[in-house]
Amino acid sequence: MAKEKMIDITVKLEDGSNKVFTETAGISVGEIAKRVYKEDSRKYVAARSAGKLRELTRKLSSGCTLEFITLDSVIGFDMYKRSLVLLMLSAIDNLSDRKEGEYLVDVMYSLGKGFFCVINNRLDGGKLIISPDTRDKIKAEMDRMVEADMKIEKISVNTEDAIAQFNARGMVDKAELFKYRRTSKTNMYVLNGYSDYFYGYMLPSTGYIKSYDLVPYDDGMVLVIPDRKTLECAPYEAPGKLYSVLRKSEDWGSALGITNVGKLNSVIAQGGMNNLMLVQEALMEKQIAEIADKIREDGKQIVLIAGPSSSGKTTFSNRLSIQLQAHGLHPHPIAMDNFFKERSETPKDENGNYDFECLGAMDLDLFNDSMSRLLKGETVEIPTFDFLVGKKNFDGNYLKMDSPDVLVVEGIHALNPASTESLPKDACFKIYISALTQLNIDEHNRISTTDTRLLRRIVRDARTRGNDARKTISMWPSVRAGEEKNIFPFQEEADAMINSALIYELSAIKQFVEPLLFSVPQDSEEYYEAKRLLKFLDYFLGIDVQMVPINSLLREFIGGGCFKV
């Protein structure tokens, strides 16, 4: 009998030390996790090895070094969310007493701390209204499957066979997507007989999923996800204004015939991109014109604009100003960033670094006083903040408002009521802007709004600030933490919301961002994220960006626009 092959496995621990195991080849990553972490092993859901991510089910055939990833990390929690979606889909499939595929579930978009989903009847095209009783049945089946700790199995199938399977089950989005894939093999995940394709890795079993909820909402339901750090679900409250904007974007995508990446690729392949681009830009201009009309009708004197990083605030502000002029008003742009406190007065975070994202970093007394005096018709000197030395400069930039004048103020805290507490509410008009991606990869794989904004920022940072992709990726968690604290909680304060995402933008930005992502070193912490984004971009066919209009919001990131950014 052949002698068993022995391999050395090194595990890098959180305290910087290593543990070395000599094991029989074929041992899984999950078995190593149990050896190292014992009763705490379920806190660890994957491992890094040689710049690659390894699922716990991965068998090891040669020696390697493993660095385990926790469930509450960004990577681990993404696996949790994907596995939770698979659990829901499998539970609905289990409850169907008819042939497989009659009920088709669309996981449509992120809505607060959850995913908005609808269930369609494949036979009549109608939607299944989620009653409390239906919700309870689905939730009970999910609970049963979690308690049973069912295995999530990964299998590899021929891509042609996968397409045939998707067509047979009515998953036309996936079938169309896979027409443009170059790979001959496709990885599928199977849970309790239900198989599906997912963009990204999974947990090894349902027992790792502990917290979730289902809440009926409008004509669908929200799959509530827990907090990443506590893994507990708070009582769910849907952001109604955000939902309205997302639903409108969805309707526009449906009217254009493009609701997923496969359909977008088909339009590109058939030469229809120029018309699509013009229609999309016309829809964007229509939104901006409607907001300008509302501002004029209501007699607003201060427009406050806020949104997360790379949402296109600068270009939007310029285009809104043009529309305000077309409505007979005189807009004056004001950046709240010029009202920072002096560097010596700036608060510091828990690590002793200056916290430029917090509300306390703003000189709100000066801002409110300046805006109040302008509303009274006084002449006010507006400062310019010098970020190099950390001081406000008063260099003769005087402003006085006349009757048709409107102040257009942009800043991350613009929607926070504490920022404008001294200003009359009836003079203010608040706008929230974000890239609320209405396009999905397919029925069950969303395109994260966060990913769209990160790709935008990587391209812009490289072009305007000289930052490489590695630096931008490394800063992104801090940027996101600031948004969660300072921007998202106040989005429902807005009088108007605008979706800055363009259906075609990822096909346009692809050629700019791919070289930057390929340059991220394999031995860096940011390599996995760069690799993930590259895999994501593989779904898209590229387009010629010369067709992108010079006033397009996308020009803020790829360059060549008519506005100074």
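**Close-up views of a predicted model**

**View 1. Asp149 sits in the loop between α3 (132-147) and β8 (152-158).** This is a predicted model, and the view invites a look at the backbone of one loop residue. Asp149 has a positive phi of about 50°, although it is not a glycine. Most residues other than glycine have a negative phi. How exposed is Asp149? With a relative accessibility of 29%, Asp149 counts as partly exposed.

**View 2. Ala50 is another non-glycine residue with a positive phi, here about 55°.** Look for Ala50 in the loop that links β3 (44-49) and β4 (52-55). Is Ala50 buried or exposed? Its relative accessible area is 60%, so Ala50 is exposed.

**View 3. A patch of positive charge gathers on the surface.** Its members are Lys52, Arg58, Lys531 and Lys535. To find your way around, start from Lys535, which belongs to helix α14 (residues 527-537). Lys535 is partly exposed, because its relative accessibility is 39%.

**View 4. How many disulfides does the whole structure hold?** The search finds 0. As a reminder, a disulfide is a covalent bond between the sulfur atoms of two cysteines. Why does Cys117 not form one? The closest cysteine sulfur to that of Cys117 belongs to Cys233 and lies 14 Å away, too far for a bond, given that a disulfide needs the two sulfur atoms within 2.5 Å. Cys117 is buried, at 1% relative accessibility, whereas Cys562 is partly exposed, at 42%.

Conventions. Residues numbered from 1 in each chain as written. Predicted model: local features only at pLDDT ≥ 70, side-chain atom pairs only at ≥ 80, totals over all residues. Heavy atoms only, no water. Patch = residues over 30% accessible without salt bridge, like charges linked within 9 Å, V, L, I, M, F, W, Y side chains within 5 Å. Areas by Shrake-Rupley, 256 points an atom, 1.4 Å probe, with all protein chains shown as cover. Salt bridge = Lys/Arg side-chain N within 4 Å of Asp/Glu carboxyl O. Lys, Arg positive; Asp, Glu negative; His and termini not counted. Charge placed at Lys NZ, Arg CZ, Asp CG, Glu CD. Helix = DSSP H or I, 4+ residues; strand = E, 2+ residues; numbered from the N terminus. Buried < 20%, exposed > 50% of the residue type's maximum accessible area, 1.4 Å probe, protein only.
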